[in-house]
Amino acid sequence: MHVVYPAVVAALLFSIGVYGVLARRNTILVLMSVELMLNAVNLNLVAFDVWLRDQLHGGQVLTLFVIVIAAAEVGIGLAIVLAVYRNRQSIDLDRLRELSEPTELSDPPSPNGAQPVATKVTTGGGPE
């Protein structure tokens, strides 16, 4: 088999992954798109390792390292997503632009229609 076929498939996979990272708003779908991009890299590593007839199989060894890194990335990424969901009740990336704690309203809405003032909630005893 010629090296062009796996290279084209890897380019398509990588392109789909880039589109998913740039266009999606759901954090889980962005993580899946990153995995697609890593799999495209793995396909290229193995294809060129076979095509160059490497005696040490460096491309295949490097692919195993990338798979281990990808598995760790998924575990840590999902843990972060779950922690964000517990705090914010959403995993929409557009709503998670600010990394500070969500603010709480200090006063109930007044009857004359004025907006309540948002205050910062502190839990520590240190100076700010």
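## Helix 2: buried residues and length

Helix 2 buries T27, V30, L31, S33, E35, M37, A40, N42, A47 and D49. The model is a predicted one. The cover over these buried residues includes helix 1 and helix 3. Helix 2 runs over residues 27-51.

Its length is regular. Helix 2 has 25 residues, which should span 36 Å at 1.5 Å a residue. The end C-alpha atoms of helix 2 are 36 Å apart, so the span agrees with that expectation.

## Helix 2 against helix 3

Two residues of helix 2 show how it meets residues further along the chain. Take N42 first. N42 lies in helix 2. N42 counts as buried because its relative accessibility is 8%, and the cut-off for buried is under 20%. N42 touches T63, V66 and I67, leaving aside residues up to four places away in sequence. N42 and T63 are 21 residues apart along the chain. Their C-alpha atoms are separated by 5.3 Å.

V46 is also placed in helix 2. Its relative accessible area is 31%, so V46 is partly exposed. V46 touches Q60 and T63, again without residues up to four places away in sequence. V46 and Q60 are 14 residues apart in sequence. In space they are 5.4 Å apart, C-alpha to C-alpha. T63 thus appears in the contacts of N42 and in those of V46. Helix 3 covers residues 58-88.

## Helix 1: two faces

Helix 1 spans residues 4-23. It has 20 residues and reaches 28 Å from its first C-alpha to its last. That is close to the 28 Å expected at 1.5 Å a residue.

The buried residues of helix 1 are P6, A10, G17 and G20. Seen down the helix axis, these buried residues fall within an arc of 85 degrees, so they line one face of helix 1. Helix 2 is part of what covers them. The face turned away from the buried side carries the exposed residues Y5, L12, Y19 and L22.

## A nonpolar surface patch

Which residues form a nonpolar patch on the surface? They are F14, V18, L22 and V41. Together they have about 350 Å² of accessible area. Helix 1 gives the most to this patch, with 3 residues.

V18 is placed in helix 1. With a relative accessible area of 30%, V18 is partly exposed. L22 is one of the patch residues and is also among the exposed residues on the face of helix 1 turned away from its buried side.

## The loop between helix 2 and helix 3

This loop holds two residues with unusual backbone angles. Most residues other than glycine have a negative phi. R53 has a positive phi of about 55 degrees, although it is not a glycine. H57 has a positive phi of about 55 degrees too, and it is not a glycine either.

R53 lies in the loop between helix 2 and helix 3, and H57 is found there as well. Their accessibility classes are not alike. R53 counts as exposed because its relative accessibility is 68%, and exposed means over 50%. H57 has a relative accessibility of 38%, so it counts as partly exposed.

## S90, after helix 3

Is S90 buried or exposed? S90 is buried, because its relative accessible area is 10% and the limit for buried is under 20%. S90 sits in the loop between helix 3 and strand 1, which covers residues 104-105. S90 touches V84, Y85, R95 and L96, not counting residues up to four places away in sequence.

## The chain as a whole

The secondary structure comes to 3 helices and 2 strands. Along the sequence, the pattern is α-α-α-β-β. The chain has 128 residues, of which 17% count as buried.

Now the contacts with a separation of 6 or more. Residues 24 or more positions apart account for 43% of these. The chain exposes about 9,900 Å². Carbon and sulfur atoms supply 66% of that area.

How values were computed. Residues are numbered from 1 along each chain as its sequence is written. This is a predicted model: local features need pLDDT of at least 70, side-chain atom pairs count only at pLDDT 80 or more; totals for chains, interfaces and linings use all residues. Side-chain values use heavy atoms; hydrogens and water are left out. Helices (H or I, at least four residues) and strands (E, at least two) are DSSP runs, numbered from the N terminus. Buried means under 20% relative accessible area, exposed over 50%, partly exposed in between (1.4 Å probe, protein chains only). Contact means heavy atoms within 4.5 Å. Patches are made of residues with over 30% relative accessible area and no salt bridge: like charges are joined within 9 Å, nonpolar side chains (Val, Leu, Ile, Met, Phe, Trp, Tyr) within 5 Å. Accessible areas come from the Shrake-Rupley method with a 1.4 Å probe; for residues, only the protein chains shown count as cover. A salt bridge is a side-chain nitrogen of Lys or Arg within 4 Å of a carboxyl oxygen of Asp or Glu. The expected span of a helix is 1.5 Å times one less than its number of residues. The arc is that of the directions from the helix axis to the C-beta atoms.
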